[in-house]
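Reader: I have a model open and want to go through its core and its charged pairs. Can we start with the core?
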Amino acid sequence: GIEQAWTAIEALTARLCEGAVRLGFTVVSPRGEGRRSGIVSLARERFDPAAAARALAQRNIDVAPRRGWLRVSPHFYNQPDQIAALLDALADLLKP
């Protein structure tokens with residue numbers, strides 16, 4: 001049902017946000033109580049979202065560059081290991 005789907009989405013987006021912040025990203029999407037969505041937009045200085053989206057696509061990770069941010073939209077069918085793979089891939093992209 002909708003409640004189970006939303007619970008799964010919230011868990012995935014929380015994991016994504018926590019990991020992205022550890023990597024130095026700013027979560028641009030609203031995250032306050034009652035203001036959350038399944039879409040997470042990330043920003044980082046000297047980070048090219050379009051180039052990142054292309055590089056992540058090579059790893060079969062679908063994200064989108066939007067308004068200078070990296071847009072990620074996990075859904076209930078995604079798994080925690082997919083979020084971990086995204087975070088690992090982002091960490092790799094940040095390496096000099």
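Author: First, the term: a nonpolar core is a set of buried Ala, Val, Leu, Ile, Met, Phe, Trp, Tyr and Cys residues joined through side-chain atoms within 4.5 Å. Buried here means under 20% relative accessible area. Bear in mind that this is a predicted model.

Reader: Fine. How many residues has the largest nonpolar core, and which have the most contacts inside it?
Author: The largest nonpolar core has 20 residues. Those with the most contacts inside it are Leu16, Leu56, Val63, Leu70, Leu86 and Leu90.

Reader: Which elements give two or more residues to this core?
Author: Three helices and two strands: α1 (2-22), α2 (49-57) and α3 (80-94), plus β2 (40-43) and β4 (69-72).

Reader: And which gives the most?
Author: α3, with five residues.

Reader: What is Val63 in contact with, leaving aside neighbours within four places in sequence?
Author: Val63 is in contact with Ala53, Leu56, Leu70, Arg71, Val72 and Leu86. Of these, Leu56, Leu70 and Leu86 are also listed among the residues with the most contacts inside the core.

Reader: Any general reason for such a grouping?
Author: In soluble globular proteins, nonpolar side chains tend to be buried together.

Reader: Switching to charges. How many salt bridges does a search of the whole structure find?
Author: The search finds three.

Reader: Where does Arg59 come in, and what is its partner?
Author: Arg59 forms a salt bridge with Asp92, and their closest N and O atoms are 3.1 Å apart. Arg59 lies in the loop between α2 and β3 (64-66) while Asp92 is in helix α3, so the pair ties together parts that are 33 residues apart in sequence.

Reader: Are those two buried or exposed?
Author: In between. Arg59 is partly exposed at 42% relative accessibility, and Asp92 is partly exposed at 33%.

Reader: What else meets Asp92 in a salt bridge?
Author: The side chain of Lys95 does, at 3.2 Å from N to O. Lys95 counts as exposed, with 56% relative accessibility. Arg59, Asp92 and Lys95 are thus linked in a network of salt bridges.

Reader: And which residue forms a salt bridge with Arg46?
Author: Glu45, with the closest N and O atoms 3.6 Å apart.

Reader: Is that pair buried or exposed?
Author: Arg46 is exposed, with a relative accessible area of 81%. Glu45 counts as exposed too, at 61% relative accessibility.

How values were computed
Residues numbered from 1 in each chain as written. Predicted model: local features only at pLDDT ≥ 70, side-chain atom pairs only at ≥ 80, totals over all residues. Heavy atoms only, no water. Buried < 20%, exposed > 50% of the residue type's maximum accessible area, 1.4 Å probe, protein only. Helix = DSSP H or I, 4+ residues; strand = E, 2+ residues; numbered from the N terminus. Contact = heavy atoms within 4.5 Å. Salt bridge = Lys/Arg side-chain N within 4 Å of Asp/Glu carboxyl O.
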